[in-house]
Amino acid sequence: MPDRPRRVPPYRLAAAELAAEIRSGTYDQGEPFPSETVLMARFGMANMTVRRALEVLREEEGLITTRWGKGSAVVPLSERPEPKAK
């Protein structure tokens, strides 16, 4: 039986799109990043799905930082980790 193609989870698709926008300069470094509510409306996703996308940007990519009560902000280019080879 052939393997079924693996579907990319929606949070990964959203994270990839947002990461590309951050890298292209759509969001200014150090400036506030869109809120979960804004991203939920933009992507038509539940809050937990958006939170997982933000987690990827924060924990795996190092592109945003989040402070409780303050929201997320884009990490300055000089403070970002080197991109991982794929």
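In the predicted model, a salt bridge joins arginine 42 to glutamate 17, with the closest N and O atoms 2.7 Å apart. This pair links distant parts of the chain, since arginine 42 belongs to helix α2 (residues 36-43) and glutamate 17 to helix α1, 25 residues apart. Both side chains are found at intermediate accessibility: arginine 42 is partly exposed, with a relative accessible area of 36%, and glutamate 17 is likewise partly exposed, at 38%. Arginine 42 and glutamate 17 also belong to a network, in which salt bridges that share partners join Glu17, Glu21 and Arg42.

In total, six salt bridges are present in the structure. Another of them is formed by arginine 12 and glutamate 60, whose closest N and O atoms lie 2.8 Å apart. Arginine 12 is located in helix α1 (residues 10-24) and glutamate 60 in helix α3 (residues 47-60), so this salt bridge ties together parts that are 48 residues apart in sequence. Arginine 12 has a relative accessibility of 31% and is therefore classed as partly exposed. Glutamate 60, with a relative accessible area of 36%, is partly exposed as well.

A further salt bridge connects arginine 58 with glutamate 59, the closest N and O atoms being separated by 3.3 Å. The two partners fall into separate accessibility classes, for which the upper cut-off is a relative accessible area of 50%. Arginine 58 is partly exposed at 27%, whereas glutamate 59, at 57%, is exposed because its value lies over that cut-off.

The secondary structure within which these pairs are placed consists of three helices and two strands. Along the sequence, these elements follow the pattern α-α-α-β-β. The C-alpha trace spans about 50 × 30 × 20 Å along its principal axes.

The protein comprises 86 residues, of which 29% are buried. Among contacts with a separation of 6 or more, 54% are between residues 24 or more positions apart. The exposed surface of the protein amounts to about 6600 Å², and carbon and sulfur atoms supply 52% of this area. With regard to charge, the protein carries 14 positive and 12 negative charges, and the mean positions of the two groups are 6 Å apart.

Key: Residues numbered from 1 in each chain as written. Predicted model: local features only at pLDDT ≥ 70, side-chain atom pairs only at ≥ 80, totals over all residues. Heavy atoms only, no water. Salt bridge = Lys/Arg side-chain N within 4 Å of Asp/Glu carboxyl O. Helix = DSSP H or I, 4+ residues; strand = E, 2+ residues; numbered from the N terminus. Buried < 20%, exposed > 50% of the residue type's maximum accessible area, 1.4 Å probe, protein only. Contact = heavy atoms within 4.5 Å. Areas by Shrake-Rupley, 256 points an atom, 1.4 Å probe, with all protein chains shown as cover. Lys, Arg positive; Asp, Glu negative; His and termini not counted. Charge placed at Lys NZ, Arg CZ, Asp CG, Glu CD.
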